[in-house]
Structures are given as C-alpha cells and as structure tokens.
Amino acid sequence: MAAVHQGLRIGRLHFTSSDKFQLLEETAMNAEPRRMRFGVFLGPYHRFGVNPNLAMQRDLELASHLERLGFDEIWYGEHHSGGVETIASPELMIAAASQCTERIRLGTGVSSLPYHQPFVLADRIIQLDHMTRGRMMFGVGPGQLLDDARMIGIEPSTQRARMEEALDVILRLFAGETVTAKTEWFTLQDAVLQLPRYSNFEIAVTGAVSATGPSLAGKYGTSLLSLAATDPVGLERLAGHWEIVETESAASGHVPSRDNWRLHGPMYIAETFEQAKKDVAYGMPWLLEYLSHIAPTALKNFDSIDGLVKEINESGRGVVGTPEMAVEQLTRLQEKSGGFGTYLFQGSDYARWPNTLRSYELFAEEVMPRVNGQLEPLKASVDRVLASGKEGAETTARSQAEATERYNRLRAERS
C-alpha cells in the first residue's frame, strides 16, 4: 500500500504504509491473491432469559442481514439440551432461511452424525440440496453435549468412531453407490438414494483440539472447519492440523486446498473499545460461564468484565474491541495457520440484538474491504488528489473565471 498523506483518515481507520494486509497465495502454483470469505457459525448461543421463539426468528433474520452486508455464509447447529443452543434441526433452519435469501450459502453447523440413521440423514441432505438449489453446505461432527448423547442412549466415548462410520457410508450414498453395511448401531441393505445430487455441495468436517477432524478431512477429501482456532491450545495446533490434512490427503489421493479451510472464533467490534466492552457485558460473562461446563479449554475464573475482556484480547481467544483489532486478529490467524479461506464468527448473544447487528455491519464496512484489498485503488486515487496540492482547485477556479469572463463579453457584444 502506498504511503498515505499525513493524517488522512478514511472512515475512522487511520492508514499507514504498514497497514497492507498480506493476502495469502492459493497454492505455490497460483500466486494470485484471493478474497478471504466471512460467515457466522450459529450454534446458536442464546443468553438465558431471551424469548426462545423470538431468538429463533432472529436466527433466521440474521441470514438476510448478513447477505445484505456481503457475508458469504451462515451455519446452523444441532443441539437437543442445555437450554442455550436451541436449534434442534439445522435442516429446518436452512430450508426457512433459503426462502428469504438469494445468495448466501447455508450450512449445517453441524449435523451430529451419531444421532442419525445415515441413510435417512443423507436422503434429507439431498432434498435440502435441491430445495436450496445448491446453496447448502453439509457440515458434520460427532456431537458435543453430554445430555444429547445420554438421552438417546449413546455412550459418549463412541461418538467419534460412529461419526466416521456414518460419514463413510453417507459419502458413498452421495456418490450414487448402492450400499450394504452393518455396524453396531445401524444397518443398510442395498441402500441407494432415489435423487441425485443437485450440486457438488461442500462437505466439511469439524475439528477442535484432537486430530480426528483433520485426519477425516484428509482421508475423505472434505473441507476442514476448525472450531477451536482461537483457543490458545487450538491455535498452537493449527499448523499441525493442516499438516495432518495434507498427509492423509496424499495417502488417499486427494488434493487439499487451504481455500476450503475455515477458522472459527469470537469477535465483537464497536466504534470504540469502551463501547464494545460495555456492549458485551450484557451476555458474554453468562455465556462463557455456560461454555466452561462444556468445553475443556473454555475460559474460566474471570471476576469482572474488564478482566474478562482483557483475557480474551491478550490471549488471542477472540476480539472485543475495534475494527483495527479485528484486522490484527485475522493477520495473526493467517500467520499461525499458514493460510485459510474463511473466518467464521462465533454466533452468540454477547450483546443485545441491535448492537450485534451493528457489529456485523461495522465489520462489513471497515474490516472486509481492508482485509481484501478493496480500498487500495481508492486510496491510490485519494493519494493522487492530495499529492497534487491545490492544482485541481486552482485550475477549476481559473476555468470558472474564464467562463464568466466569456459570458460577460458575449453579453456586452449583444448590448
């Protein structure tokens, strides 16, 4: 980025020559810069006390809001207990959201494979592919909430193995195969889907701290969705996780692309740091206390909103702050991972609804164009004007004076 005129501000962002965000190369064979994509991974995490029916309507409205702002995708989760993550069927949410949007992609974030008979789930996903005309993405995982598994009689220690068993036959069904398989928990006999795929929809496997997700993504040639990307433990394993993807891809004959790698984390921005901190006092402490009972590496033992926000920002767990801080976080994730394609916000009621919408809007206004280099040609034009001094204004003034003089002469000649 060329040096900016001293003191120039575009919006509220102060640009200097060091501000250029280094876009990643797609591969060594293709050094062309690419656009980073953005979306929201909506578990969802709703603050206790919010009307659950209203919250669900807002989850649908968010898809339209994000589409208007230029976000690329939204993912809806599957949970059956806990009282916070209140979407039981991501397929229903995607079907509804597809009717009020036109462009944004819609993902199951995620379908918990051990909870479903694989053939029936595969059949529903194919229908959803048709209903959305190719805008659906199929995200899969083992399931997380302990009570979900217990209530349907699943031993939690079996969930990751069952996810792989289900994924294996689902991918074969998607490919049009006739599948016969028998496991401890499901049976398929000459199973074949009656509808072909409408599109070559994306399939993504979740990964957190363990190697399970990256190894499956490499083995089956799927995308990887790293849910613990900003967790201090998960962050340090990002590069290693991609190495696992590459190793398993090579063994299975697949060619992985970092462009299909998604990193997920908390991010809330406002016009000022103090405003952001004030906004998240509404829901962030309660929701993080809830998560501390679910995720082993979740933030614990915070005693004030000041201490909580300080820990989140200084540890890199997330961002509570300003657009500048969001750019710094994305730069850091890029460096730690070696390159990725999409950043997903953790969809949460950290702030009240109007403020949450504004946070996404502010990100679209000031962070997206800066990260993706959209401001550079505009800035070059601004720089040319500023570097010209007063030449433009003086030239215009002379032209105006000459035009006025010509008019006065013509008028005098007619008199």
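Trainee: In this predicted model, how many charged residues are in the lining of the second largest cavity?
Mentor: Start with the residues that line the second largest cavity: Met-267, Tyr-268, Gln-346, Ser-348, Tyr-350, Thr-356, Ser-359 and Tyr-360. Sort them by class. Four are nonpolar and four are polar. The number of charged residues is therefore none, since Asp, Glu, Lys and Arg are what count as charged.

Trainee: Which element gives the most to the lining of the second largest cavity?
Mentor: The cavity holds about 70 Å³ of space. Strand S14 (267–269), S16 and H13 each give two or more residues to its lining. With three residues, the top contributor is H13.

Trainee: How much space lies in the largest cavity?
Mentor: Set the count beforehand: there are three cavities of 30 Å³ or more. The lining of the largest cavity includes Leu-42, Tyr-45, His-46, Arg-58 and Trp-353. The space in the largest cavity is about 80 Å³.

Trainee: Which elements give two or more residues to the lining of the largest cavity?
Mentor: Go through the lining. Leu-42 and Tyr-45 are among the lining residues, as are Arg-58, Asp-59 and Leu-62. Gly-347, Ser-348, Thr-356 and Tyr-360 also line the cavity. The elements are strand S5 (37–45), helix H1 (52–69), strand S16 (342–348) and helix H13 (353–371).

Trainee: How many charged residues does the lining of the largest cavity have?
Mentor: Arg-58, Asp-59 and Asp-349 are among the lining residues. The lining also has five nonpolar and four polar residues. The charged residues number three.

Trainee: Turn to the pockets. Which element supplies the largest share of the lining of the second largest pocket?
Mentor: This pocket has a volume of about 250 Å³. It is lined by 21 residues, with Ile-203, Gly-221, Thr-222, Ser-223 and Asn-260 nearest its centre. H6, strand S12 (223–226) and helix H8 (238–252) each supply at least two residues. The largest share, three residues, comes from H8.

Trainee: How do the residues of that pocket lining divide by class?
Mentor: The total is 21 residues. Two are charged. The rest of the division is eight polar and 11 nonpolar.

Trainee: Are helices H5 and H6 roughly parallel or roughly antiparallel?
Mentor: The axes of H5 (residues 159–174) and H6 (residues 212–220) come within 12 Å. They cross at roughly 20 degrees. Angles under 35 degrees count as roughly parallel. H5 and H6 are therefore roughly parallel.

Trainee: Is the crossing of H5 and H6 left-handed or right-handed?
Mentor: The angle alone does not settle this; the sense of turn does. A clockwise turn of the near helix from the far one, by less than a right angle, counts as right-handed. The crossing of H5 and H6 is right-handed.

Trainee: Which residues of H6 meet H5?
Mentor: On the H5 side are Arg-160, Met-163, Glu-164, Leu-167, Asp-168 and Leu-171. The contact residues divide into five nonpolar, one polar and four charged. The H6 residues are Thr-212, Leu-216, Lys-219 and Tyr-220.

Trainee: Where is the cis peptide bond with omega near 0 degrees?
Mentor: Most peptide bonds are trans. Another cis bond joins Gly-43 and Pro-44, with omega about -5 degrees, and Pro-44 lies in strand S5. Val-110, in strand S7 (residues 105–112), belongs to the bond asked for. That bond runs from Gly-109 to Val-110.

Trainee: Where does Arg-133 lie?
Mentor: Arg-133 has a positive phi of about 50 degrees, although it is not a glycine. Most residues other than glycine have a negative phi. Arg-133 lies in the loop between helix H3 (118–131) and strand S8 (136–141).

Conventions. Residues are numbered from 1 along each chain as its sequence is written. This is a predicted model: local features need pLDDT of at least 70, side-chain atom pairs count only at pLDDT 80 or more; totals for chains, interfaces and linings use all residues. Side-chain values use heavy atoms; hydrogens and water are left out. Axes are lines fitted to C-alpha atoms, for helices over the stretch in contact, and angles run from 0 to 180 degrees between N-to-C directions. Helices (H or I, at least four residues) and strands (E, at least two) are DSSP runs, numbered from the N terminus. Angles under 35 degrees count as roughly parallel, over 145 as roughly antiparallel, 65 to 115 as roughly perpendicular and the rest as oblique. Contact means heavy atoms within 4.5 Å. On a 1 Å grid over the protein atoms alone, a cavity is a set of points where a 1.4 Å probe fits but cannot get out, and a pocket is an open set with protein on both sides within 12 Å along at least five of seven lines; lining residues have an atom within 4 Å of a point. Grid points are joined across faces, edges and corners, and a volume is the space filled by probe spheres set on the points.
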